[in-house]
Every structure is written in structure tokens, then in C-alpha cells.
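Open the model in your viewer and keep a selection command ready. The stops below are meant to be followed in order.

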Amino acid sequence: MKYGKKIVALAGGVGGAKLADGLAQCLEPDELAIIVNTGDDLEHLGLSISPDLDTVCYTLAGLANPDSGWGRDQESWRTLEEIKKLQGPDWFAIGDLDLATHLERTRRLREGQTLSEITAHFCRRWGIHVPIFPMSDTPVRTYVHCQDGRCLAFQEYFVKYHFEPQIRSIEFENMKNAVVPEKALTALKNADFVLFCPSNPFVSIDPIIQIEAIGSIIAQKKVIAVSPLIGGEALKGPAAKMFHELGMKPGSSAVADHYRAILDLFVLDHKDEAQIALIEGWGIICKALDIFMPDRLARKRLAGQILKILDEQT
Ligand code: FO1
């Protein structure tokens, strides 16, 4: 059955991909579009790699590794083992199946296709019906300035150094030159709601909404965000650690505060219910749900509950 309203979801990382999958299970393809962070992208072994795009696509296609949440299910690592033997850069683990995605993406980019065209083609081949867009067809790169003075490209910080360095600030290189795919802008303009998935606010959602062409449309829209933290902790990744290092107490209210200027609605976990009064005091409607998504059914259940909340707002 049709939901009857149009949602644009912004996503990055494993948590974001899970809710995007839940939404895709609940909505018709013309009711949902997903815009994905590409600040995490990197060039590695001569290949153009878009980890967040791949995580979202693999998850919606049912191809993702269920344990890590990134990369492919039923993966083998023979190429990586050979790279290790040859003393090549093996810190970023590319599996044999995943390698095909990066090889073919790189080949098509060199032929002159755009990242959004390539993503649309891959989605068709993987049987994904929901439109998935990179936030930019030109490279925008996230850099992490560390308290020890180093400036690390995002995947170096995240994978090579296991997000151990303490961060001082985050920078998005080439943000001003971002080219948002035209179809993504149209989807945003036509959206009834923009939903920030439970992704890291600093390195997954901020790079998307700080692109002027995207941020200016979102400012006119009803925005709902889902907390990526439960009980002050991230299920995966450095979100809680980042809040702490940037001088804020990690928690769902800190996430809502981060988005405060643009947020209409906020969803947090039942465990964080005590923070509702504070958040509602900022004029943001706040609801508690079970936001933990251990399996596909839980993703669909959470998405369904969020859509019901949105329906009650109109
Ligand atoms: N994450 C890791 O923790 N270690 C890896 O070696 C790694 C490789 C990798 C390769 C392809 C891909 O699409 C994702 C990969 N990830 C890896 C995950 C990735 O670093 C993160 O999911 C995101 O960039 C954070 O949102």
C-alpha cells in the first residue's frame, strides 16, 4: 500500500544503511530517495572507492556482510592476501567481490560517467528500486584534524588508526565545488520530510547538509533525525568519542542540539527517555522508540513506526 508522502533520507555508515533499508521495505520507490555521504570516499590501489554508497547499496540489495555491516556477504580475501605478500597497502580491507565494484566504478569514471550515473547503473544491476544518490558527483573529502597536530584523510583516521587519535576539528575539502546530482535536488524539493538516518552527525550527515545546494532546501523542509546514540554510546564507530573530544557530553540530547536549528522532530531510544523534556524545551517534538536494529525485521519495524509518527504530524 502506498504511504502517500515523499521522504528523502540522508545516510552514511552502517546505522544509516540499516534504517534506509527499513524505509525501502516500507515505501514505494517513488516515495523514497536516499542521499549518501561521499566524504568518506578514497582513492586506494588506484581505485575510486565510495564506502558509504556501497554500504547503503549492498544493504538494500541484501548483499552486505551481516557481521561488519560493510563490504560483501560470502566474501573472500585472496587479492588482499596477495597484496599483503607483496607488501602493498593492506590496511584498507578490500574483498574479492567488493573489488569488482571498485574496478568497474573506476573504469566507468575514467570513461567520463558521473558517480550518480554509475550508482544508478549498479543499483539496477543489484535489483535496487529506490533511487540512491551520492551527495556530490565531484569529490568532497573529509579530513580529521587531530589534537596531536596530524591531519588525516577520513579512512586513515577511521580504518588505519582505528579512530584512536583524539580529534580537534573536521574539515570538508572541496565542499564549495560539490555538484549535487540534479535528480537528488529534485527529490529534495519534492520531499514532504527529510530524515537524517542514525548516522554519525559530524562525518556522515554534516558533509551532506553543509553542501549549500542541499542545506538551503533542507532549511525549508520538515526535518526528522534519528539518534545514532543509545545510552550515550554509538553502536558502531566514533560518534560518542567525537562528541567527547569536541567538548560535549555524548548523548541523544547532544545529537538533537547539534541539529537544533533545522530539526522539527527527533527520535531517540527508550533508554534515553529522560532527555525528552530537555529536547522538547528547544521546540523539537521528541519521541522514544526501540531504535536498535539487530535484523531486517527490526529495520522495517522502526521505519514503520517513524513513518507513523510523521503521518501524525500532517
Ligand atoms: N572498515 C574497517 O573498519 N576496516 C576496513 O578495512 C574497511 C574496508 C572497507 C572497504 C570497503 C568499504 O566499502 C568499506 C570498508 N570499511 C572498512 C568500512 C568503512 O570504512 C566505513 O563503513 C565508513 O566509511 C564509515 O562510515
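Select Gln74, in the loop between helix 2 (51-61) and helix 3 (78-85). This is a predicted model, and in it Gln74 has a positive phi of about 55 degrees although it is not a glycine. Is the residue buried or exposed? Gln74 has a relative accessibility of 70%, so it counts as exposed.

Next, select Leu45, in the loop that lies between strand 3 (42-44) and strand 4 (47-49). Leu45 is not a glycine either, yet its phi is positive, about 55 degrees. Its relative accessibility is 41%, which means that Leu45 counts as partly exposed.

**Asp96 and its surroundings**

Go to helix 4 (residues 96-111) and select Asp96, which is placed in that helix. Show everything that touches Asp96: leaving out residues up to four places away in sequence, you should find Glu75, Ser76, Trp77, Arg78 and Thr79. Which side chain of opposite charge is nearest to Asp96? That is Arg78, at 5.8 Å. The cut-off for a salt bridge is 4 Å between a side-chain nitrogen of Lys or Arg and a carboxyl oxygen of Asp or Glu, so Asp96, although buried, has no salt bridge. What the Asp96 side chain does have is a polar contact with the side chain of Ser76, at 2.6 Å. Another polar contact, at 2.7 Å, joins the side chains of Asp96 and Thr79.

**Charged pairs within a helix**

Stay in helix 4 and select Glu104 and Arg108. Their side chains form a salt bridge, 2.7 Å from N to O. The two residues are four places apart in helix 4, which means that about one helical turn separates Arg108 from Glu104. How do the two partners compare in burial? Arg108 has a relative accessible area of 14% and is therefore buried, while Glu104, at 24%, counts as partly exposed. Now add Arg107 and Glu111 to the selection: Glu104, Arg107, Arg108 and Glu111 are linked in a network of salt bridges.

For another pair, move to helix 10 (residues 239-245) and select Lys241 and Glu245, which both lie there, four residues apart, or about one turn of the helix. The side chains of Glu245 and Lys241 meet in a salt bridge of 2.8 Å, N to O. Glu245 is buried, with a relative accessible area of 13%. Lys241 is partly exposed, with a relative accessible area of 26%.

**A link between distant parts of the chain**

The model has 16 salt bridges by the rule used here. One of them joins Asp21 to Arg299, with the closest N and O atoms 2.8 Å apart. Select both residues and look at where they sit: Asp21 is in helix 1 (residues 13-26) and Arg299 in helix 13, 278 residues apart, so that the pair links distant parts of the chain. Asp21 and Arg299 are both buried.

**The sheet behind helix 13**

Colour the strands of the open sheet. How many strands does the sheet have, and in what order? There are seven, ordered 5-2-1-9-10-13-14, and their pairing is parallel. Strand 5 (132-134) and strand 14 (285-289) stand at the edges; each has a single partner strand, so one side of each is left without a neighbour in the sheet. Neighbouring strands are turned by 20 degrees against each other on average, ignoring direction.

Select strand 13 (residues 265-269) together with strand 14: the two run parallel and are joined by five bridges. To pick out a bridge pair, select Leu268, whose partner in strand 14 is Ala288.

Now show helix 13 (residues 296-312), which packs on this sheet. Helix 13 touches strand 1 (7-11), strand 9 (193-196), strand 10 (222-226), strand 13 and strand 14. The direction of helix 13 makes about 155 degrees with that of strand 14.

**Last stop: helix 11**

Finish by selecting helix 11 (residues 252-259). How many of its eight residues are buried? Six are, and the helix is mostly covered. The buried residues to highlight are Ser252, Ser253, Ala254, Val255, Ala256 and Tyr259.

Notes:
Residues are numbered from 1 along each chain as its sequence is written. This is a predicted model: local features need pLDDT of at least 70, side-chain atom pairs count only at pLDDT 80 or more; totals for chains, interfaces and linings use all residues. Side-chain values use heavy atoms; hydrogens and water are left out. Two strands pair if DSSP finds at least two bridges between them. Axes are lines fitted to C-alpha atoms, for helices over the stretch in contact, and angles run from 0 to 180 degrees between N-to-C directions. Contact means heavy atoms within 4.5 Å. Buried means under 20% relative accessible area, exposed over 50%, partly exposed in between (1.4 Å probe, protein chains only). Lys and Arg count as positive and Asp and Glu as negative; His and the chain ends are not counted. A polar contact is a pair of N or O atoms within 3.5 Å; within protein, one must be able to donate a hydrogen and the other to accept it, and residues adjacent in sequence count only if both atoms are side-chain atoms.
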